[in-house]
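Please walk through this chain from its overall build to its side-chain contacts, keeping the sequence and the coordinates in view.

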Amino acid sequence: QVQLVESGGGLVQAGGSLKLSCAISGNIFSFAAMGWYRQAPGKERELVARIITRRGSTNYADAVKGRFTISTDNGKNTVYLQMNSLKPEDTAVYFCNAGLNTVGPGPYWGKGTLVTVSS
């Protein structure tokens, strides 16, 4: 059974940084793509960043381009999201996602980690 466990969320002031981690139970290359999504109160879940595991190619939501970076440590089967220059509108629960193909969110989700950015 696939398990994704996020960590690294917390409270940070605007302009600060956080690094989220997602530990995967199993080999990261079992998945074609890994992604980070977020859901703010009263809003739908949205894509933040995604990486194609074998190619290393990435894509980002316009709202986070230039501030967030998705990366992997294949030896540790872990995906990271480095978040810099955080804004109050980045406040959300962040979810890790694993997919078996390169299109759209995959079927596997973590439970999420809360990021709160104060102004």
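The paragraphs below treat the overall fold, the strand pairing, the disulfide, the nonpolar core, the aromatic rings and one loop residue in turn.

The model is predicted, and every value quoted here is computed from it. The chain has 11 strands and zero helices, so that its elements, read from the N terminus on, run β-β-β-β-β-β-β-β-β-β-β, where a strand is a DSSP run of at least two residues. For 119 residues, a compact globule would have a radius of gyration near 14 Å, and the 13 Å of the chain agrees with that. Taken along the principal axes, the C-alpha atoms fill a box of roughly 40 × 25 × 25 Å. Of the 119 residues, 39% count as buried.

A useful place to enter the fold is strand E3, which spans residues 18-24 and is mostly covered, with five of its seven residues buried. Strand E1, residues 4-7, runs antiparallel to E3 and is joined to it by four bridges; within this pairing, Leu 4 stands opposite Ile 24 of E3. Six bridges join E3 to E8, and these two strands also run antiparallel, with Lys 19 standing opposite Gln 82 in E8. E3 is therefore bridged to E1 and to E8, each time in the antiparallel sense.

Which residues does the disulfide join? The structure holds one disulfide, and it joins Cys 22 to Cys 96 with an S to S distance of 2.1 Å. The link of Cys 22 and Cys 96 is left-handed, with -80° about the S-S bond. Because Cys 22 lies in strand E3 and Cys 96 in strand E9, the pair ties together parts that are 74 residues apart in sequence. Both ends of the link are covered: Cys 22 is buried, with a relative accessible area of 0%, and Cys 96 likewise counts as buried at 0% relative accessibility.

The strands that carry this link, E3 and E9, also contribute to the largest nonpolar core. That core has 26 residues, and the members that touch the most other members are Met 34, Trp 36, Leu 81, Met 83 and Tyr 94. Two or more residues come from each of the strands E3 (18-24), E4 (33-39), E5 (46-52), E7 (68-73), E8 (78-83), E9 (92-99) and E11 (113-118). E8, already met as a partner of E3 in the bridges, is thus one of the strands that give residues to the core.

The aromatic side chains give a further set of contacts. A pair of aromatic rings is described by the distance of the centres and the angle of the planes. A search of the whole structure finds three aromatic pairs. In one of them, the rings of Phe 31 and Tyr 108 have their centres 5.8 Å apart and their planes at 70°, so the pair is edge-to-face. Phe 31 lies in the loop between E3 and E4, whereas Tyr 108 lies in strand E10 (residues 108-109), so this pair ties together parts that are 77 residues apart in sequence. The two partners are covered to unlike degrees, since Phe 31 counts as buried at 5% relative accessibility, while Tyr 108 is partly exposed, with a relative accessible area of 27%.

How are the rings of Phe 95 and Trp 109 arranged? Their centres are 6.4 Å apart and their planes stand at 85°, so this pair, too, is edge-to-face. Phe 95 in strand E9 and Trp 109 in strand E10 are 14 residues apart, and the pair links distant parts of the chain. Phe 95 is buried, with a relative accessible area of 9%, whereas Trp 109 counts as partly exposed at 33% relative accessibility. Ring pairs link Phe 95 and Trp 109, together with Tyr 37, into a cluster. Arg 45 adds a charged group at this site: its charged end sits over the ring of Phe 95, 3.7 Å from the ring centre, and also over the ring of Trp 109, 4.5 Å from that centre.

Lastly, Lys 76 is found in the loop between E7 and E8. Is this residue buried or exposed? At 57% relative accessibility, Lys 76 counts as exposed, because the cut-off for that class is over 50%. Lys 76 and Arg 45 are 31 residues apart along the chain, and their C-alpha atoms are separated by 27 Å.

Note on methods. Residues numbered from 1 in each chain as written. Predicted model: local features only at pLDDT ≥ 70, side-chain atom pairs only at ≥ 80, totals over all residues. Heavy atoms only, no water. Core = buried A, V, L, I, M, F, W, Y, C linked by side-chain atoms within 4.5 Å. Buried < 20%, exposed > 50% of the residue type's maximum accessible area, 1.4 Å probe, protein only. Pairing = 2+ DSSP bridges. Disulfide = S-S within 2.5 Å. Phe/Tyr/Trp six-rings, centres within 6.5 Å; stacked < 30°, edge-to-face > 60°. Lys NZ or Arg CZ within 6 Å of the ring centre and 35° of its normal. Rg over C-alpha atoms; globule rule 2.2 N^0.38 Å.
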